[in-house]
Amino acid sequence: MRSITAFLAKTSHALGGSVAILMLSTAMINSVAAADTETTYNNSCAACHDSGALNAPKKGDSAKWQQLKQQKGLPALINSVKGGMIQMPAGGLCDSCSDDDYRKLIDYMSK
Ligand code: HEC
């Protein structure tokens with residue numbers, strides 16, 4: 001009997017914990033959408049696009065990005081990231097990015 005009570009106490013504790021985590025992560029997703037793009041950029045794209053390593057178009061080189069958007073169009077640029085290029089690994093370094101995330105990342109780099 002004692003051990004069952006202990007088990008129940010543990011279970012409800014565990015459930016309470018995961019509900020709290022769920023609420024916390026939902027709040028985070030809702031409130032930091034803009035900062036999220038910046039974080040993803042820093043984690044997944046900055047290694048090459050900050051410095052222009054391997055000849056990557058640089059973040060902030062708006063003339064270069066403008067030219068790419070005009071020549072290829074945004075959907076093609078998004079496809080380039082998803083499929084990878086000669087020097088760029090498929091997906092950049094982002095496993096979980098959607099098309100919309102890539103669009104935001106490209107916008108972010110263009111500025
Ligand atoms: C390992 C280095 C590296 C990483 C990481 C990287 N890129 Fe690139 N990226 C490149 C290079 C280099 C090019 C230039 C084309 C080439 O030579 O592959 C490029 C080109 C691009 C282009 C232009 C595509 C075109 O069609 O001309 C876009 C858009 C782009 N990267 C977006 C991203 C995004 C978004 C991320 C992060 C999710 C990312 N890249 C991560 C190296 C990288």
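Where does the ligand sit? The ligand occupies the largest pocket. The model is a predicted one. Its protein chain has five helices and zero strands. Among the residues around the ligand, those that come nearest include His49 and Ser80. The points below start with the ligand and its shell, then turn to the fold and to single residues.

**Ligand shell**

- The shell around the ligand holds 26 residues.
- Cys45, Cys48, His49, Ser80 and Met88 come nearest to the ligand.
- By residue class, the shell divides into 18 nonpolar, seven polar and one charged.
- Four helices each supply at least two residues of this shell: H2 (33-49), H3 (62-72), H4 (74-83) and H5 (99-110).

**Polar contacts of the ligand**

- The side chain of His49 has an N or O atom 2.7 Å from a nitrogen atom of the ligand.
- Ser80 places a polar side-chain atom 2.6 Å from an oxygen atom of the ligand.
- At Gln87 the partner is a polar backbone atom, 2.9 Å from an oxygen atom of the ligand.

**Overall fold**

- Along the sequence, the protein chain reads α-α-α-α-α.
- The protein chain has 111 residues, and 23% of them count as buried.
- Take the contacts between residues at least 6 apart in sequence: 48% of them join residues at least 24 apart.

**Ser80, in helix H4**

- Ser80, one of the residues that come nearest to the ligand, belongs to helix H4.
- Is Ser80 buried or exposed? Ser80 is buried, because its relative accessible area of 17% is under the 20% cut-off.
- Setting aside residues up to four places away in sequence, Ser80 touches Met85 and Met88.
- Met88 is also listed among the residues that come nearest to the ligand.
- Ser80 and Gly91 are 11 residues apart along the chain, and their C-alpha atoms are separated by 8.5 Å.

**Thr37 and Thr40, in helix H2**

- Helix H2 contains Thr37 and also Thr40.
- Thr37 counts as buried because its relative accessibility of 12% falls under 20%.
- Which residues does Thr37 touch, not counting residues up to four places away in sequence? They are Lys104, Leu105 and Tyr108.
- A polar atom of the Thr40 side chain lies 2.8 Å from the backbone oxygen of Asp36.
- Apart from neighbours within four places in sequence, Thr40 is in contact with Cys45, Cys94, Cys97 and Leu105.
- Leu105 is thus a contact of Thr37 and of Thr40.
- Cys45, a contact of Thr40, is among the residues that come nearest to the ligand.

**Ile106, in helix H5**

- Ile106 is part of helix H5.
- Its relative accessible area is 3%, which is under 20%, so Ile106 is buried.
- Beyond residues up to four places away in sequence, Ile106 touches Trp65, Lys69, Leu74, Leu77 and Ile78.
- One of these contacts, Leu77, is 29 residues from Ile106 along the chain, with 8.3 Å between the C-alpha atoms.

**The loop between H2 and H3**

- Leu54, Asn55 and Pro57 lie in the loop between H2 and H3.
- Leu54 has a positive phi, near 60°, and is a residue other than glycine.
- Asn55 is not a glycine either, and its phi is positive at about 75°.
- Is Asn55 buried or exposed? Asn55 counts as exposed, because its 74% relative accessibility is over 50%.
- Leaving out neighbours within four places in sequence, Pro57 is in contact with His49, Lys64, Trp65 and Leu68.
- His49, a contact of Pro57, has a side-chain N or O atom 2.7 Å from a nitrogen atom of the ligand.
- Trp65 is a contact of Pro57 and is touched by Ile106.
- Pro57 and Ser110 are 53 residues apart in sequence, yet 9.4 Å apart in space from C-alpha to C-alpha.

Note on methods:
Residues are numbered from 1 along each chain as its sequence is written. This is a predicted model: local features need pLDDT of at least 70, side-chain atom pairs count only at pLDDT 80 or more; totals for chains, interfaces and linings use all residues. Side-chain values use heavy atoms; hydrogens and water are left out. A residue is near a molecule or strand if one of its heavy atoms lies within 4 Å of it. A polar contact is a pair of N or O atoms within 3.5 Å; within protein, one must be able to donate a hydrogen and the other to accept it, and residues adjacent in sequence count only if both atoms are side-chain atoms. On a 1 Å grid over the protein atoms alone, a cavity is a set of points where a 1.4 Å probe fits but cannot get out, and a pocket is an open set with protein on both sides within 12 Å along at least five of seven lines; lining residues have an atom within 4 Å of a point. A molecule sits in a cavity or pocket if more than half of its atoms lie within 2 Å of its grid points. Ala, Val, Leu, Ile, Met, Phe, Trp, Tyr, Cys and Pro count as nonpolar, Asp, Glu, Lys and Arg as charged, and the others, Gly among them, as polar. Buried means under 20% relative accessible area, exposed over 50%, partly exposed in between (1.4 Å probe, protein chains only). Contact means heavy atoms within 4.5 Å.
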